[in-house]
Amino acid sequence: MHWHLLVVKVANKKIEWYNSMPEARSARPYAVDVASALKEEMLSRGFLDATNYELVTVEDHPQQKTGYDCGIFMVKHDDEEYVMDVNDHVYKDS
């Protein structure tokens with residue numbers, strides 16, 4: 001199991017896909033499916049018409065070094081200036 005993060009950016013009309021494991025880039029079709037389901041759900045509940053929102057793969061974010069700690073990398077901060085330093089993360093095997 002691997003965690004991914006989808007962030008709906010209403011102002012930009014985009015859905016951003018964050019994936020902290022480069023080896024899991026092949027999972028993009030699943031992100032497409034989840035984004036489609038999310039768009040449908042938001043529309044059906046009258047929350048937002050996101051049918052034209054673009055799914056964007058975000059490449060410039062911290063990447064994990066192991067195959068088991070993806071959860072901590074999927075934390076999205078509201079502060080746009082925040083940058084997680086991968087070197088501050090304590091790995092079990094270090």
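## Contacts of L48

Beyond its neighbours within four places in sequence, L48 is in contact with V8, V10, M42, L43 and Y53. The model in which these contacts occur is predicted.

L48, M42 and Y53 also belong to the largest nonpolar core, which has 10 residues in all. The remaining members of that core are I15, W17, A27, A31, A35, A50 and L55. Two elements, strand 2 (14-18) and helix 1 (28-44), each give two or more residues to the core. Helix 1 provides the largest share, namely three residues.

## Overall architecture

The protein chain contains two helices and three strands. Read from the N terminus, the order of these elements is β-β-α-β-α.

Of the 94 residues in the protein chain, 33% are classed as buried. The accessible surface amounts to about 6600 Å², and carbon and sulfur atoms account for 53% of that area. Among contacts with a separation of 6 or more, 56% link residues that are 24 or more positions apart.

## Helix 1

Helix 1 comprises 17 residues and spans 24 Å from its first C-alpha to its last, close to the 24 Å expected at 1.5 Å a residue. Its buried residues are A31, A35, K39 and M42. Viewed down the helix axis, these buried residues fall within an arc of 75°, so they line one face of the helix. The cover over them includes strand 1 (5-9), strand 2 and strand 3.

The other side of helix 1 carries the exposed residues Y30, D33, E40 and S44. After the helix comes G46, which has a positive phi, near 70°.

## Y30 in helix 1

Y30 is located in helix 1. Its relative accessibility is 61%, above the 50% cut-off, and Y30 therefore counts as exposed. Along the chain, Y30 and H4 are 26 residues apart, and their C-alpha atoms are separated by 9.9 Å.

## Confidence

The mean pLDDT of the protein chain is 77, with 71% of the residues reaching 70 or more. Confidence is highest in strand 3 (residues 54-58), at a mean of 91, and lowest in helix 2 (residues 70-73), at 65. Where pLDDT is low, predicted coordinates should not be read in detail.

Key:
Residues are numbered from 1 along each chain as its sequence is written. This is a predicted model: local features need pLDDT of at least 70, side-chain atom pairs count only at pLDDT 80 or more; totals for chains, interfaces and linings use all residues. Side-chain values use heavy atoms; hydrogens and water are left out. Helices (H or I, at least four residues) and strands (E, at least two) are DSSP runs, numbered from the N terminus. Buried means under 20% relative accessible area, exposed over 50%, partly exposed in between (1.4 Å probe, protein chains only). Contact means heavy atoms within 4.5 Å. Accessible areas come from the Shrake-Rupley method with a 1.4 Å probe; for residues, only the protein chains shown count as cover. A nonpolar core is a set of buried Ala, Val, Leu, Ile, Met, Phe, Trp, Tyr and Cys residues joined through side-chain atoms within 4.5 Å. pLDDT is the predictor's confidence in each residue, from 0 to 100. The expected span of a helix is 1.5 Å times one less than its number of residues. The arc is that of the directions from the helix axis to the C-beta atoms.
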